[in-house]
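Let's go through the salt bridges in this one, question by question. Keep the model open while you read.

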Amino acid sequence: MISPTPQDPLVLYGQTFASRLLLGTSRYPSPAVLEAAVLRARPAMVTASLRRQGSNPAESGSSFWELLRKLNVPVLPNTAGCHSAQEAITTAEMAREVFNTPWIKLELIGDDYTLQPDTLNLVDVAAHLIRQGFQVLPYCTEDLVLCQRLVDVGCQAVMPWAAPIGTGRGPVNPYALQMLRERLDVPMLIDAGLGLPSHACQVMEWGYDGVLLNTAVALAQDPVAMAGAFADAVHGGRAARLAGAMTAQDAAQPSTPVLGTPFWHHSHA
């Protein structure tokens, strides 16, 4: 596994993280698999929701919260499952008490079918939480105006989706995501919709600062190996971004010079 680069940390709200991968904690086949996946990926943070209602032993009961503490990885509470502004605010306040952290991943769902964020109310809720001292990481769409408004009210980072939660389809709107990256000068993490390590590598090559994953790892045939694959892909994509990719050409270009090669190697077309 490629190690994170200490000289190139992820910086969110003034705090530095060695990893640019955030990992969700739901839907794993067992607590042991979840623990092994986290240890393999070495994420910056793990996300967890107070509104867990599943019967899966890996994501319910006191043993789950004990496991989170044992992992010794910063927890990013989220407001998953909240459909109203007040519900999201109340859940965030409860999460701050339970986890003793000002960090919150703000999810405000506007549509049950696509789990698309409620873009009409998201900015107001984010502004309220920021005034209450939260460090808000909002789950949002790739809409440029929405993301700009979130920054305007004090969000120091935004987390647009690549595709609807849990679909694994990868970036379905590359044009908008690349434009968003070019226009906003704040950390941006892709949250939701990635299914393959190549998806993660691609958005990192576009200049995104990190990715947040859950389903792509938890539902893989080998979640632990997939966690490592994503960690490596994120690091590789970031390294490629910093290295500066060549400019794509319309026509073939020889990789070795013609000068000095035998005449029969020259093209006479």
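Q: Which residue forms a salt bridge with arginine 149?
A: Keep in mind that this is a predicted model. Arginine 149 sits in helix 5 (residues 144-152), and three residues along, about one turn of the helix, there's a carboxylate partner in that helix too. The closest N and O atoms are 3.8 Å apart, and the cut-off is within 4 Å, so the pair counts as a salt bridge. The partner is aspartate 152.

Q: Is arginine 149 buried, partly exposed or exposed?
A: Its relative accessibility comes out at 44%. Buried means under 20% and exposed means over 50%, so 44% falls in between. That makes arginine 149 partly exposed.

Q: Which residues are joined into one network by salt bridges that share partners?
A: Start with the pair arginine 20 and aspartate 8, whose side chains meet at 3.1 Å, N to O. Arginine 20 is in the loop between strand 2 (15-17) and strand 3 (21-24), while aspartate 8 is in the segment before strand 1 (10-12). Both of these residues are buried. Through shared partners, the network joins Asp8, Arg20 and Arg238.

Q: How many residues apart are lysine 70 and glutamate 35?
A: These two side chains meet in a salt bridge, at 3.2 Å from N to O. Lysine 70 belongs to helix 2 (residues 62-71) and glutamate 35 to helix 1 (residues 31-41), so the bridge links distant parts of the chain. The separation is 35 residues.

Q: Is lysine 70 buried or exposed?
A: Lysine 70 has a relative accessible area of 58%. The cut-off is over 50%, so lysine 70 counts as exposed.

Key: Residues are numbered from 1 along each chain as its sequence is written. This is a predicted model: local features need pLDDT of at least 70, side-chain atom pairs count only at pLDDT 80 or more; totals for chains, interfaces and linings use all residues. Side-chain values use heavy atoms; hydrogens and water are left out. Helices (H or I, at least four residues) and strands (E, at least two) are DSSP runs, numbered from the N terminus. Buried means under 20% relative accessible area, exposed over 50%, partly exposed in between (1.4 Å probe, protein chains only).
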